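Please find below a short note on the strand pairing, set out as numbered points for your consideration.

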Amino acid sequence: MNKQSFEALSAGTLPHRLGSNAVLKEKIGDDFTRWSVREVGDGNLNLVFIVTGAKGAAIVKQALPYVRLVGESWPLPLKRSFFEYHALVRQGARDPGMVPEIFFFDADQAIIVMEYLTPHVILRRALIDGRQLPKIGRDLGLFVARTLFRGSDLCMVTRDKKADMALFADNIELCDITENLVFSDPYFEAEMNRHTSPQLDPLVAELRADRDLKVEAQRLKHLFSAKAETLCHGDLHTGSIMVTDDETRVIDPEFAFYGPISFDIGMLLANFWMSYFSQTGHESAPGARDAMRTYLLDTIETIWETFRVEFANLWRSERKGILYQASLFENRGDPLGAEQALNIVLNEIYHEMLGFAGIEIHRRILGLAHNADFESITDPDRRATCESKALKLGRHLAVNRYRIPSLKDIRATAERLQKETLA
């Protein structure tokens with residue numbers, strides 16, 4: 001496609017705009033006039049189309065110069081597609097087969113053409129429907145361990161890591177969204193906030209007056225902005241994962257940035273805890289989703305345990321960066337020193353992860369961008385009952401994270417909260 005000023009695609013214009021592209025013709029079909037185009041984007045930021053032809057299908061994703069959820073009053077740079085493209089390339093190399101294959105990228109038009117995943121569905125939708133997917137815990141635990149370890153100074157060549165940090169440091173606007181919408185806006189009366197009112201009003205007022213909570217939220221924001229350990233997905237939640245019973249794929253890393261190893265894992269687990277509390281709003285009768293709730297808590301533990309084991313394996317086999325060098329430990333006959341350092345690092349990741357999870361729960365209920373786990377519960381009283389339990393767990397995770405010894409303890413707290421009624 002010739003370079004031209006940015007123009008948003010539509011189902012009608014896409015075939016003519018992209019029909020001469022050799023890569024697309026090979027993947028979809030030579031005759032673009034016979035392409036079938038269906039817009040499927042339901043996210044907050046972008047246009048997404050499924051394009052089908054005689055040879056196959058592909059996804060065409062285009063960034064818009066504004067936040068789609070809000071409109072043109074909130075401008076946003078098109079270069080976020082550049083960061084998404086580069087993040088997908090790196091994730092694909094660090095954990096092959098876990099992200100869609102990229103076919104074509106046009107920086108000027110902010111277009112990424114990638115593999116069409118079928119019969120995959122969005123994980124969040126599957127969990128709302130009560131599906132128990134057997135592989136996601138292990139698949140996601142391996143993905144976060146491999147991508148986060150291999151994108152850090154534990155593994156990367158120092159020059160390459162610093163060059164990559166410089167590249168992703170320009171993803172300023174999307175980091176700004178996270179810094180404000182996640183860590184600050186939920187804790188005061190920000191203009192774009194919303195929550196289930198009046199049912200949650202007393203609890204929301206209590207949380208916004210909670211000095212300990214606000215201090216911890218800002219400590220976590222400090223970590224987010226200052227601890228550039230690894231390339232993070234930046235928006236890893238159940239809406240950014242596509243699944244079948246046999247396969248798990250991670251999509252949409254346009255918020256990619258260099259940050260704490262703990263960030264992606266915390267955001268991910270938060271969404272499983274929210275799904276846990278939302279099940280009451282989706283069950284046909286009390287107790288009908290008890291097995292689903294057990295499955296979700298089991299999956300949280302599987303993700304963390306898989307991450308911990310794989311991170312340790314990579315530590316022992318691929319720790320070739322500037323941190324905790326083997327020349328100081330194993331090569332000097334002190335493997336126990338390396339193991340001691342590993343335990344300290346994993347313990348730090350664990351406690352930070354809990355804090356990020358708590359803050360993510362709060363922003364999804366009190367901020368601008370809510371999730372369908374709760375939003376699809378049409379009865380506001382029922383929805384508020386589910387949300388209140390999640391908000392309480394979020395506060396516990398953020399404020400008490402250094403006093404929570406294990407996920408088993410969090411499981412007991414979640415199960416206790418699940419039995420409560422809205423005060």
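1. Strand β1, spanning residues 36-39, runs antiparallel to β2 and is joined to it by four bridges. This pairing is read from a predicted model. One register point may be checked directly: Arg 38 has Ile 50 of β2 as its bridge partner.

2. Strand β2 also pairs with β3 (residues 57-63), again in the antiparallel sense, and seven bridges are found between β2 and β3. Here the register can be followed from Asn 46, whose bridge partner in β3 is Ala 63. The connection from β2 to β3 is a hairpin of four residues.

3. How many of the seven residues of strand β2 are buried? The count is six, over residues 46-52, so β2 is largely enclosed by the rest of the structure. For this count, a residue is buried when its relative accessible area is under 20%.

4. A separate point concerns the three-stranded open sheet, in which the strand order is β8-β10-β11 and the pairing is antiparallel. Its edge strands are β8 (121-122) and β11 (248-250), each of which pairs on one side only.

5. Within that sheet, strand β10 (residues 241-243) runs antiparallel to β11, and three bridges join β10 to β11. For the register of these two strands, the residue to inspect is Val 243, which stands opposite Thr 248 in β11.

Definitions and conventions
Residues numbered from 1 in each chain as written. Predicted model: local features only at pLDDT ≥ 70, side-chain atom pairs only at ≥ 80, totals over all residues. Heavy atoms only, no water. Buried < 20%, exposed > 50% of the residue type's maximum accessible area, 1.4 Å probe, protein only. Pairing = 2+ DSSP bridges.
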